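Me: I should like to go through the following structure by question and answer.

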Amino acid sequence: MLKRLLNPPFIHAEVNQLGKNLYKIILGVCFFVTLTYILAMIFQRQFSTRYMSMIVVTYLVSFITVFLLQKGYAKISAYFYIIGLLFFILMFAVTGGGIQGHGIQFLPILALFAGLTIGRKQIWIFGIFLSMCSFSLLIARHYDLLIVKEPIKNSDFISWVYSTTCIFLLCFIEYMSVGSLNKALAEAKEELILRKKSEEKYRQIFDSFQDVYYQTDMEGKILLITPSIKDHTGFDASEIIGKNVTDFYFDPQKREMFLPEIQLNGKVQNYEIDFKTKYGKVIRAIISSKILYDESGTPKTIEGTIHDITLWKNAEEMLKLKNEKLTEVAFLQSHIVRRPVANVLGILHLINKDNPADPMNLALIPKLEQVSKDLDDVIKQIVEKTNEIDGMN
């Protein structure tokens with residue numbers, strides 16, 4: 001239970017850091033106040049009750065603040081502790097002679113403490129408020145409103161104790177503020193290193209991207225494109241960025257067909273398009289794109305990838321052409337060749353094999369020669385088609 005009380009849990013990192021700072025300050029204040037007033041009680045026993053009350057009030061405010069920290073209310077705890085200490089200082093100033101009373105020396109330290117916990121912007125307002133609080137003690141003394149009109153005198157030793165306590169409290173809080181600053185600087189430096197590494201890693205991935213990644217505004221102006229565009233089109237990225245994407249369309253009308261689809265669906269998948277290269281050639285590609293929106297939901301940019309399918313398309317067309325040639329060969333083999341072969345078989349059937357001298361046989365020989373010639377022509381066509389197919393490999 002004690003461990004949980006002294007080390008309250010926090011959900012958010014920034015609240016956790018504020019809670020840790022506040023907790024350290026509470027420990028420091030309790031230590032220095034206890035030490036100061038114990039010494040004061042030893043040398044000014046007549047004010048022992050007063051000094052003991054100051055210690056009790058300090059610890060009461062500190063324990064309530066730690067309890068609030070345990071609940072996770074770091075910001076509220078800081079305000080409560082500052083107001084509690086201010087009430088503590090003013091209460092004992094009013095009962096100890098006003099502006100010269102016990103504990104009033106701690107008032108400037110409260111401003112430094114507030115700056116470390118509630119923030120730089122609020123410190124000036126709080127500083128003015130502290131000044132007005134101390135000024136109110138002068139007004140109270142002027143109009144005889146103080147409970148104790150004459151200040152409770154301190155011995156030289158007690159005055160030294162008070163001044164030393166203030167010095168060490170200032171050093172302690174300053175040490176904490178410098179420590180927090182150094183930690184913040186170290187974290188910022190580490191974050192900068194990590195960011196540079198992340199940017200370098202991103203740049204390596206960006207530069208080594210095989211496909212083309214791009215970003216354009218809604219009018220088509222190219223904002224970003226990967227260096228891989230040079231491998232596909234011959235253009236450097238610097239030659240493309242800032243220009244309109246339609247300048248590189250082989251058919252600009254394709255852009256007019258692309259825009260309605262992506263505006264309707266917010267994205268487009270595998271949209272086929274042809275691009276011009278730097279050397280006048282055409283590359284065939286598919287693009288997949290989507291619209292990026294700003295915080296208000298307004299379309300801001302279009303990003304996507306371009307995948308070069310020129311080789312694949314050429315191979316597809318070559319395969320299609322081969323299939324057409326093979327279909328022609330199959331047709332020649334299954335239909336054209338069959339006719340002269342059938343004619344040959346028919347002529348052979350008419351030949352009188354029992355009487356080779358039959359005059360009919362002589363009449364069939366020219367027809368057999370013609371049919372053989374027709375068959376030879378078909379075979380030549382098949383060979384030519386076959387050679388064409390082999391030449392496509």
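Reply: Two strands pair if DSSP finds at least two bridges between them; helices (H or I, at least four residues) and strands (E, at least two) are DSSP runs, numbered from the N terminus. The model is predicted: local features need pLDDT of at least 70, side-chain atom pairs count only at pLDDT 80 or more, and totals for chains, interfaces and linings use all residues. Residues are numbered from 1 along each chain as its sequence is written, and side-chain values use heavy atoms, with hydrogens and water left out.

Me: What is the order of the strands in the open sheet of five strands?

Reply: β1 and β2 pair in the antiparallel sense over three bridges, while six bridges join β1 to β5, again antiparallel. On the other side of β5 (residues 299-308), nine bridges lead to β4, and β4 (residues 282-293) is joined to β3 (residues 267-276) by eight. The pairing is antiparallel, and the order is β2-β1-β5-β4-β3.

Me: Which are the edge strands of this sheet?

Reply: In the order β2-β1-β5-β4-β3, the twist averages 30 degrees from one strand to the next. The strands that pair on one side only are β2 (222-225) and β3.

Me: What angle does the direction of helix α10 make with that of β3?

Reply: Helix α10 (residues 253-265) packs on the sheet, touching β1, β3, β4 and β5 (contact: heavy atoms within 4.5 Å). Axes are lines fitted to C-alpha atoms, for helices over the stretch in contact, and angles run from 0 to 180 degrees between N-to-C directions. For α10 and β3 the angle is about 165 degrees.

Me: Which residue in the turn between β4 and β5 has a positive phi?

Reply: β4 and β5 form a hairpin, in which I287 stands opposite I306. Five residues lie between the two strands, and the one with a positive phi, about 90 degrees, is G297.

Me: Which residue in the turn between β1 and β2 has a positive phi?

Reply: Q215 of β1 stands opposite L224 in β2. Four residues separate these strands in their hairpin, and the positive phi, about 100 degrees, belongs to G220.

Me: How far apart are the C-alpha atoms of Y213 and I306?

Reply: Y213 lies in strand β1 (residues 212-217) and is buried (under 20% relative accessible area; over 50% is exposed, in between partly exposed; 1.4 Å probe, protein chains only), at 19%. I306, in β5, is the bridge partner of V212. Although Y213 and I306 are 93 residues apart along the chain, their C-alpha atoms are separated by 6.4 Å.

Me: How many residues in the contact of α3 with α4 are nonpolar?

Reply: The axes of α3 (residues 48-70) and α4 (residues 74-94) come within 8 Å and cross at roughly 170 degrees, which makes the helices roughly antiparallel (over 145 degrees). Residues including V57, V61, I64 and L68 in α3 meet others including F80, Y81, F88 and F92 in α4. Ala, Val, Leu, Ile, Met, Phe, Trp, Tyr, Cys and Pro count as nonpolar, Asp, Glu, Lys and Arg as charged, and the others, Gly among them, as polar. The contact has one charged residue, six polar and, as nonpolar, 12.

Me: How many disulfides does the count give?

Reply: C30 is buried, with a relative accessible area of 9%, and C133 is buried too, at 10%. A disulfide is taken as a pair of cysteine sulfur atoms within 2.5 Å. By this rule the number of disulfides is zero.

Conventions
Parallel < 35°, antiparallel > 145°, perpendicular 65-115°, else oblique.
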